[in-house]
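Colleague: Could you walk me through this one? I'd like to hear how the words people use for it are earned.

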Amino acid sequence: MTTITMHLVKNNDFIQEVQNKIISSLDQIDSKKALKNIITTIDKELSNNDSWDQFAYHFDQVHGNYLKKLSDNNIKLSPREIKLAAFLRMNMSSKEISKMLNITSRGVELARYRLRKKLNLKRSQNLVEYLIDLDNS
């Protein structure tokens, strides 16, 4: 499971690196339209859900339908919040999660805050511990 996750992080890092190089070269190359099309293609690849579907399948195999339990928790979670919960359940850092979700670390912190609110957690309750305990219920 960790290997798959790290592979996804590595792929996202590579794609983001290529995207940044293309963006920086836009001013130097005449074919801006072609480069913008490449950037659009890379953006689509970064948001591709195929890798998530594969991850979710393996994650549920390891954690006994955890994502289904999370969805059935009488709280309507968005697909992004379910992804966040899965990554948090794996005890990933905000930096690692930011790479997986293609958002900033601050964006991850905000998403964690919103997830805590949706789950009606008190300030004293640890989000990761809550998500791990959900696996045991």
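What follows is a chat about the terms used for this predicted model.

Colleague: Let's start with the overall picture. What makes up the protein chain, in helices and strands?

Modeller: The protein chain has 8 helices and 0 strands. Read from the N terminus, the elements go α-α-α-α-α-α-α-α. Of the 137 residues, 35% are buried. As for the accessible surface, the total is about 8,900 Å², and 49% of that belongs to carbon and sulfur atoms.

Colleague: And how many of the contacts join residues at least 24 apart?

Modeller: Taking contacts between residues at least 6 apart in sequence, 57% join residues at least 24 apart.

Colleague: Now to a pair of helices. Why is α6 called roughly perpendicular to α7?

Modeller: Look at the angle. Helix α6 (residues 94–101) and helix α7 (residues 105–118) pack at about 100°, with their axes 8 Å apart. The label covers 65 to 115 degrees, so α6 counts as roughly perpendicular to α7.

Colleague: Which residues make that contact?

Modeller: On the α6 side there are S94, K95, I97 and S98, and on the α7 side S105, V108, E109 and R112. Sorted by class, the contact has 2 nonpolar, 3 polar and 3 charged residues.

Colleague: How do you know that S98 is buried?

Modeller: Buried means under 20% relative accessible area. S98 has 8%, so S98 is buried. This residue is part of helix α6. Leaving out residues up to four places away in sequence, S98 touches I103, T104, S105 and V108.

Colleague: What makes the buried residues of α6 line one face of the helix?

Modeller: First, the list: S94, I97, S98, M100 and L101 are buried in α6. Seen down the helix axis, they fall within an arc of 165°, so they line one face of α6. It helps to remember that an α-helix has 3.6 residues a turn, so residues three or four places apart point the same way.

Colleague: Why is α5 called mostly covered?

Modeller: Just count the buried residues, meaning those under 20% relative accessible area. In α5, 9 of its 11 residues are buried. They are E81, I82, K83, L84, A85, A86, F87, L88 and R89.

Colleague: What comes with a positive phi after α5?

Modeller: That's N91, with a phi of about 65° although N91 is not a glycine. N91 sits in the loop between α5 (79–89) and α6.

Colleague: Why point out a positive phi at all?

Modeller: Because most residues other than glycine have a negative phi. N120 is another one to look at: its phi is positive, about 55°, and N120 is not a glycine. You'll find N120 in the loop between α7 and α8 (127–136). Just after α6, N102 also takes a positive phi, of about 60°.

Colleague: Is N91 buried or exposed, and how do you know?

Modeller: The cut-off for exposed is over 50%. N91 has 59% relative accessibility, so N91 counts as exposed.

Colleague: And what makes N120 count as exposed?

Modeller: The reasoning runs along similar lines. N120 has 63% relative accessibility, and exposed means over 50%, so N120 counts as exposed.

Conventions. Residues are numbered from 1 along each chain as its sequence is written. This is a predicted model: local features need pLDDT of at least 70, side-chain atom pairs count only at pLDDT 80 or more; totals for chains, interfaces and linings use all residues. Side-chain values use heavy atoms; hydrogens and water are left out. Axes are lines fitted to C-alpha atoms, for helices over the stretch in contact, and angles run from 0 to 180 degrees between N-to-C directions. Helices (H or I, at least four residues) and strands (E, at least two) are DSSP runs, numbered from the N terminus. Angles under 35 degrees count as roughly parallel, over 145 as roughly antiparallel, 65 to 115 as roughly perpendicular and the rest as oblique. Contact means heavy atoms within 4.5 Å. Ala, Val, Leu, Ile, Met, Phe, Trp, Tyr, Cys and Pro count as nonpolar, Asp, Glu, Lys and Arg as charged, and the others, Gly among them, as polar. Buried means under 20% relative accessible area, exposed over 50%, partly exposed in between (1.4 Å probe, protein chains only). Accessible areas come from the Shrake-Rupley method with a 1.4 Å probe; for residues, only the protein chains shown count as cover. The arc is that of the directions from the helix axis to the C-beta atoms.
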